[in-house]
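This report describes the overall build of a protein and then turns to selected local features. Please consult the sequence and the structure shown below while reading.

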Amino acid sequence: MIKNCINLICLLIIPVCGWSQINWQTLADNDDLSNSSSNYTSIITIRKNNSIVPYVAFTTSDTGKVKAYLNSQWITIGGNISSSRISYPHLFKDNLNRIYISYVDMDNGNRLAVKTYDTATKQWIPLNGNNSNLYVSSGSVVNTVSQLLISHNNWMAFDSSNTPYIVYAEMSSGGNAYVKRFTNNAWQLVGTGPVSSDKASGVGIALSKNQIPYVVYAAGTGSTGQITVYGYINNNWTNLNVPPTLSNGRKTNGARHTAITIVHDSLYVIYMDANNRNVATVIGTDLNNINWFQAGNLLSSRDASYLNITHDTTGNLFACFIDVISSGSGRTVARVMELPKGSTTWNEIKDSSRAVGVDEPSQYPEINIAGNGDIYFAYLKPDANNLYTPRVRFYQMHVQPSTSVTVTDNGNTVTLSNGIVSFTVDKSSATITNLTYNGINMLAGGYRGGQIYWSWNMPNYQNPSNCTYTLVSNPQTNGGNFAEVKFHMSWDGSPSTAAMDVDIYYALLNDTHGVYAAAELSHPANYPENPGGEWRMASYVGSMFNWLVVDSLRNRLMASPSDSTVSVPGAPPEVSLYKTGVYANHYEDKYKYSADIGDLDVWGWVSTSQGMGIWVTKPSGEYYNGGPMKRELTAHMGPTLLNMLNGQHYGMGNDGDIAAGENWKKVYGPFLIYCNSTPSGTSDIPGTLWADAIAQAKKEQSQWPYSWFINPDYVPDSGRGTIRGKLVIQDSTDTAASPANMWIGVAIPPQSTAGIKDFQLWSKNYQFWVKTDSNGNFTIPHVLPGTYNMYAFGPGAAGQMTKTNFVTVTPGQTTDLGNVVWVPERTAPTVWEIGIPDRNAAEFRHGKDWWISDTFPSTNWAKFLDYPQEFPDDITYTIGKSDYHTDWNYVQPYDKSVQSQAPIWKVKFTLTKDPTPNTMAAVYVAYASAEDAASIVSVNGTNITNPPTGIYPPNPSDAMVREGIHGAFGDYRFTFPANLLHAGDNEIDFTLRLTGGATRGGIMYDYIRLEAWGTEATTKKYQTITFDSIPPQHLGDPDLDPGAIATSGLPVTYTSSDTSVAIIINGKIHFTGEGTTIITASQAGDSTWLPAPDVSRVLTVIKPRQQQIIYFPPIPTKYLGEPDFDPGAKSSSGLPLTYTSNNPYVATIVNGKIHLMNVGPVTITAHQDGNDEYLPADTSQSFQVKILEQASYNKLITPNGDGINDELKIDHIEAYPNNRIQIFDYTGKLIYQKNGYQNDWDGRINGKLVPNGTYYFVFWSKNEVIIKGAITVIH
């Protein structure tokens, strides 16, 4: 406790700017990380929510652990690294802060293993979760030479695409160094074999800025060796030839404990120099001009070990090691040194109180330079019981960022600022009255002057008032990193106001581009009943905002607040007819922009004139009411931006009554109100800002739950758990039922005064939902502890899975459910179906434009009003011929003022035979919405509804009049004797009766199917399109095949929403300009298949790539039998090449070389795929492959050195591999023989010329005699 206080004081005294500390600070001491004898340490740091979080790996009794410093305490991450005994754990991170760990598996032959930390399951898993990816090496990587046990036996690095590379020494096969990279979901060898034939120790790897991996090791069979550096250049491991002695006399051939780093274009190696008192030494070279030099002075006094080297973002080098200081001292001092960029002197980073080093005695030191430049240092040191345990120190190298947070109390208001944004809050009402970003007030000119405020209807409309202000987190106490303010409103005891307490929170981090907002509602047990109702945050954003973005459909220029409007007779009061402006003669209302909260990450407004955006992000869906398909308002004319945290539109989330005596509270958020901007000249301002806002929302989701939010009722991640499993749909009559893309979630039923059991109607609890993957797998992260009901629904099966009290969540644990089996309810097999059981009507007619109304002088202010004109005779739908995308309306409306009778929708179909006798059949109806309507179904003229006047669909809602595509879901199964059906033509009718005296109402169908035994209908098949997302493309790139596939196998067509960005030519995308467009994949169907629902993907076209040239020298005629040869092509880009042969019968490519197969012509093409900077390139060379009809040679040798007939030369000897020669004198005596003859006999034996005369020889190739001949020697 005393140590933690000291640390806190140290943090508090760090000034905001202009100062760097001069002492190491302690994060882990004595037994903070382990109270048992430990071994090894490794450390990385990750920036989270503007904080640096160190992660430390170590072993205790051969059990691997990783701990992170979170919320001022060390927390175990992912449990044990492995169930095996391990050694040599090393932590690494890629550019996306994904954590990797390598280690040696002692229980599996000391093989090298690699895992990554899965943030969803909070477990260490093999890469891609595949156990076959666990091991990298074939055998042991542990060097048995005692002095080398502490040298690195593996190391990892990452390229710019976050591909991991790893180097290791395979001791089971000679100790050669190997490099592998994880690509195509597997570890694959870099090169064709080991880096070299050397026995390697102290291996290290680093990648240059042009993505070339470089490897270092000490080559030798003893305890020291020659420093050796290889680079994988042009697909070959190339030796950088470190000289044994540098120009200054420094030796490199007695090296041990090597490590490597690359800074810009310079490569550096640290090593222990056995030729000079075992001191720590660093050498380097410019990769563009190899010339090895000593980097700085010597680092240690003598006898250095455990060497590591790294660098910061500005190019300063850092090294750590253990130093004995003087011969025989017995000391083991942990030291950290810095070589500033441009300097030639290593400076020690130490406390002013120490003469040398950070600490002693110590072992296994490792450093990491954090993103802010601070040094984090881990090592082992004996504790009070003389047990070596891990220690962690950090050293602040740089000043605090300039974007420090400040809080200014203005009396009635308070202002928070971080140099990026500044906002002012009215203390009494918790209303933000000014939000300035990049010097512009984002609320200026908005309604009521522009404001961000909170309100509720429970049942009367209220805003926060008479709030008490509290500064929860003062940035002056945390180095200007963070501020949080709270505004508390207590219930005033009036029966006309909501009986609850309200807390509003705002927070600002030093790098926040916006405002974090949150709220908590509380109902103490001594409060009377509160009826519940709507609860929201609303923003009247500035008048400069003119473009609204909800989703790909609602993404457009909006009317101006100054445009004139008139009310619309017969329409809800929210509907207006615009008389002026861009929407003149258009009907507008706020409901057109409603959306499913579960489908959104972000929504907001854009100012096309200022190039700025303001957005509501959704870091989590847990605090919204009504489940994942809760449909709510998002934004509308005004301009107004909403976050309906507890909306009650569309018949969902309305069970919010709080009983007298009920103790209830709920935290909403925090969520980020995000501000962004584009550079001047940006062509697609809305698209660019939206893409950036989506990326920010994804970042917020990855950081949920936030570690900085200070609220005792907001549970941090350590207090939450994870649920995972696999949804399995067991439908004996539909074996193709797919568990893919299904919503699956958990909720604890809240106390309900009305006894509501449907999660769609709940508002008081938290709900946790995700979608399954293509195989039904799911992981639900960050779940609060408790025992939950589990639910599932979606397109793979009709109805809903409900499992009561099914899963218990424990903090910090992952609950693995295995297979979660759902047996959907049904009466009989499916005969035919209409629609998709996805709880909305989007697949039907007007399913994409339901929100677009007619224009004046038409009085149809909403799409449902078009029905009488579009279907004057109602709907007749023929199974197998009709298409529900166009022939089945999204809603069945009935307006007595327009229609003379209730609409009757007829479904006609032909059965192949009578259903099975004495069985029951059913019409299953799933309702997307039902408004003031009872549903009636008849089969071949017989009303099968009970009661005959119609059933009331469960969960009625007003989605039709409020221009939604669905409301609360409900379903009903109309069962009847199967003998009402018969072979041949049949008809089932669907109609409705208005209820409760209503004059207008309607039904939205989600999905309908007929179930019966022993018969079938002639139907078309439903098809879908699989269309992967399109990565950004470069202007000038070759036309792109979008790659969409229809399940029918029929060809897919495409359209582009913006032809100035891309057009479609011959089924491929041709790029016409920079910007963003929507590529839509369509399949129109045929006589067997229905049209597939369109699938759209966003395409961004960015700046062109450079051309590259491939230099490919001509290839001369080759003769069959010649060895494989390198084609010798090179690219001007320096990127690696691949080769192809147009005639594999003549020549093929083997390991990047040309392999001759048969005689004939052949063309070899050199290809470079290109990258983000360069376009692809190709060039070719042609040559002939011939066969030698008869071997020939020179008959005379005159070895006089004139270059003519100086040796016995066999023509095209390269065509005779595995050859040998024997030469005899005239007596038959063998005078010369050689295997692998290379035209090098010059008439000499043992350096002396043979006598003049004639000699005889036999020349073999592959044990076949090629020549028996005579040769005359004259000299």
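## Overall build

The protein contains 4 helices and 93 strands. The model is a predicted one. Computed along the principal axes by calculation, the C-alpha trace extends over about 130 × 85 × 60 Å. Among the 1275 residues of the protein, 55% count as buried. Of the contacts with a sequence separation of 6 or more, 62% are made by residues 24 or more positions apart.

The surface that the protein exposes amounts to about 51,100 Å², and carbon and sulfur atoms supply 48% of this area. The side chains include 85 positive and 108 negative ones, and the centres of these two sets are 6 Å apart.

## Salt bridges

How many salt bridges does the structure hold? The number is 39. Three of the pairs are listed here, each with the distance between the closest N and O atoms.

| Acidic residue | Basic residue | Closest N and O atoms |
|---|---|---|
| Asp 717 | Lys 122 | 3.3 Å |
| Asp 601 | Lys 698 | 3.1 Å |
| Asp 713 | Lys 665 | 3.5 Å |

Lys 122 and Asp 717 form a salt bridge. Lys 122 is located in the loop between strand 8 (111-118) and strand 9 (123-125), and Asp 717 in the loop between helix 2 (685-702) and strand 54 (721-729), so this pair ties together parts that are 595 residues apart in sequence. Lys 122 is buried, at a relative accessible area of 15%, whereas Asp 717 is partly exposed, at 26%.

Asp 601 pairs with Lys 698 in a salt bridge. Because Asp 601 sits in the loop between strand 47 (595-596) and strand 48 (602-607) while Lys 698 belongs to helix 2, the pair ties together parts that are 97 residues apart in sequence. Lys 698 counts as partly exposed, with a relative accessibility of 43%.

The salt bridge between Asp 713 and Lys 665 links a loop with a strand: Asp 713 lies in the loop between helix 2 and strand 54, and Lys 665 in strand 53 (residues 664-677), so parts that are 48 residues apart in sequence are tied together. Both partners are partly exposed, Asp 713 with a relative accessible area of 30% and Lys 665 with one of 40%. Elsewhere, Asp 351, Asp 359, Lys 381 and Arg 393 are joined into one network by salt bridges that share partners.

## Cysteines

A disulfide is a covalent bond between the sulfur atoms of two cysteines. A search of the whole structure finds 0 disulfides. Two cysteines may be described by their accessibility: Cys 467 counts as buried at 14% relative accessibility, and Cys 675 counts as buried at 0%.

## Backbone geometry

Most residues other than glycine have a negative phi, and most peptide bonds are trans. Where do cis peptide bonds occur in this model? One runs from Glu 360 to Pro 361, with omega near -10°. Pro 361 is placed in the loop between strand 26 (347-348) and strand 27 (363-369). Another cis peptide bond joins Phe 856 and Pro 857, with omega about 20°. Pro 857 belongs to the loop between strand 61 (830-835) and helix 3 (867-870).

Positive phi values are found at two asparagines. Asn 741 has a phi near 60° and lies in the loop between strand 54 and strand 55 (743-747). At 40% relative accessibility, Asn 741 counts as partly exposed. For Asn 940, phi is about 50°, and the residue is in the loop between strand 66 (933-939) and strand 67 (942-943). Asn 940 is partly exposed as well, with a relative accessible area of 29%.

## Thr 1254 and its surroundings

Thr 1254 is part of strand 92 (residues 1253-1261) and is partly exposed, with a relative accessible area of 35%. Which residues is Thr 1254 in contact with, leaving aside its neighbours within four places in sequence? They are Tyr 1226, Ala 1270, Ile 1271 and Thr 1272. From Met 489, Thr 1254 is separated by 765 residues in sequence and by 118 Å in space, C-alpha to C-alpha.

Methods. Residues are numbered from 1 along each chain as its sequence is written. This is a predicted model: local features need pLDDT of at least 70, side-chain atom pairs count only at pLDDT 80 or more; totals for chains, interfaces and linings use all residues. Side-chain values use heavy atoms; hydrogens and water are left out. A salt bridge is a side-chain nitrogen of Lys or Arg within 4 Å of a carboxyl oxygen of Asp or Glu. Buried means under 20% relative accessible area, exposed over 50%, partly exposed in between (1.4 Å probe, protein chains only). A disulfide is a pair of cysteine sulfur atoms within 2.5 Å. Contact means heavy atoms within 4.5 Å. Accessible areas come from the Shrake-Rupley method with a 1.4 Å probe; for residues, only the protein chains shown count as cover. Lys and Arg count as positive and Asp and Glu as negative; His and the chain ends are not counted. The place of a charge is taken as NZ of Lys, CZ of Arg, CG of Asp or CD of Glu.
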